[in-house]
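Me: I would like a close look at one loop residue of this model, set within an account of the chain around it. Please keep the description formal and define the terms as they arise.

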Amino acid sequence: MITTATCINYYHICHRKLWLFSNGIRMEHTSDTVYDGKLLHDRSYPQRAEKHTEIEISAIFNGFELSGKIDFYDAKEKVIHEIKRSDKIEDAHEWQVKYYIWLLELNDITGVRATLEYPKLRSTLDVILENKDRKYLTDIIPKIALLKESEECPLKINSKICKNCSYYDLCYVVE
Ligand code: SF4
């Protein structure tokens, strides 16, 4: 089973969300949050596509298949740009872009950094990959694979973030 940047992101949000997504249960089409995010992505930086490249990368690490699609990569400056609709800077966002940097390193592309862009906050956050991050990613890849392949769906987390999750109806309404 391939680990993607979405898996890394969801792992840091909710293990149940990761499991549902990985087991083919998709609710994004019902989510206004996801739709708003796509619109924001398309409209915030209309000129962005002209200057940056979309790249898909993959690697095999310790027997695990990894992949990622970076929407905006500035190959000249070696900067990944990732736009987030959120009005809050989240760990999950940082790990998603750290994962991209790590994937690039696994493909012998080094010296890359990332900028998280939050149009709603009018704010950006620069992200680099440190040795402790590489170690952490190395540790969680097998954990993510185990979680995804588990026969048991993890429990609901009953968190305030659930209200904005595309699986909210599935977790709390359809019982
Ligand atoms: S609604 Fe909450 S418990 Fe359910 S998948 Fe989303 S974050 Fe996890």
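Is Asn62 buried or exposed, and what is its relative accessible area?

Reply: Asn62 is exposed, with a relative accessible area of 59%; exposed means over 50%, buried under 20%, and partly exposed in between, as computed with a 1.4 Å probe on the protein chains only. The model is a predicted one, in which local features need a pLDDT of at least 70 and side-chain atom pairs count only at pLDDT 80 or more, whereas totals for chains, interfaces and linings use all residues. Residues are numbered from 1 along each chain as its sequence is written, and side-chain values use heavy atoms, with hydrogens and water left out.

The position of Asn62 is the loop joining β1 (53-61) and β2 (64-74). Helices (H or I, at least four residues) and strands (E, at least two) are DSSP runs numbered from the N terminus. The backbone of Asn62 has a positive phi of about 50°, although the residue is not a glycine. Most residues other than glycine have a negative phi.

A second case of this kind is Asp108, a residue other than glycine whose phi is positive and near 65°. Asp108 belongs to the loop between α5 (91-106) and β4 (113-118), and with a relative accessible area of 71% it is exposed. A positive phi is also found at a glycine: Gly24, just after α2, takes a value of about 80°.

Another loop residue can be placed beside these. Lys76 is located between β2 and β3 (79-83), and its relative accessibility of 75% makes it exposed. Its C-alpha atom is separated by 9.2 Å from that of His52, a residue 24 positions away along the chain.

The wider setting is a protein chain with seven helices and five strands. Read from the N terminus, their order is α-α-α-α-β-β-β-α-β-β-α-α. Of the 175 residues in the chain, 43% are buried. Among contacts (heavy atoms within 4.5 Å) with a separation of 6 or more, 69% join residues 24 or more positions apart. The accessible surface comes to about 10,200 Å², and carbon and sulfur atoms hold 49% of it; the areas come from the Shrake-Rupley method with a 1.4 Å probe.

In contrast to the exposed loop residues, helix α2 is mostly covered, seven of its eight residues being buried. The buried residues are Arg16, Lys17, Leu18, Trp19, Leu20, Phe21 and Ser22, and their cover includes α1, α6 (131-149) and α7. Within this helix, Leu20 is buried at 5% relative accessibility. Setting aside neighbours within four places in sequence, Leu20 is in contact with Ile25, Cys153, Tyr167, Leu170 and Cys171. The C-alpha atoms of Leu20 and Pro154 are 9.0 Å apart, although 134 residues separate the two along the chain. Ser22 also belongs to α2 and counts as buried at 17% relative accessibility. With residues up to four places away left out, Ser22 touches Met1 and Lys148.

His12 brings in helix α1 (residues 5-13). Its relative accessible area of 24% makes it partly exposed. Beyond residues up to four places away in sequence, His12 touches Ala92, Trp95, Tyr136 and Ile140. Its C-alpha atom is also 9.2 Å from that of Glu90, at a distance of 78 residues in sequence.

Helix α2 also takes part in the surroundings of the ligand. The residues around the ligand, each with a heavy atom within 4 Å of it, are Cys14, Arg16, Lys17, Lys156, Ile157, Cys162, Cys165, Tyr167, Tyr168, Cys171 and Tyr172. The elements giving two or more residues to this shell are α2 (15-22) and α7 (168-173), and α7 gives the most, with three. By class, the shell has eight nonpolar, three charged and no polar residues; Ala, Val, Leu, Ile, Met, Phe, Trp, Tyr, Cys and Pro count as nonpolar, Asp, Glu, Lys and Arg as charged, and the others, including Gly, as polar. Arg16 and Lys17 thus appear both among the buried residues of α2 and in the shell around the ligand, while Tyr167 and Cys171, two of the contacts of Leu20, also belong to that shell.
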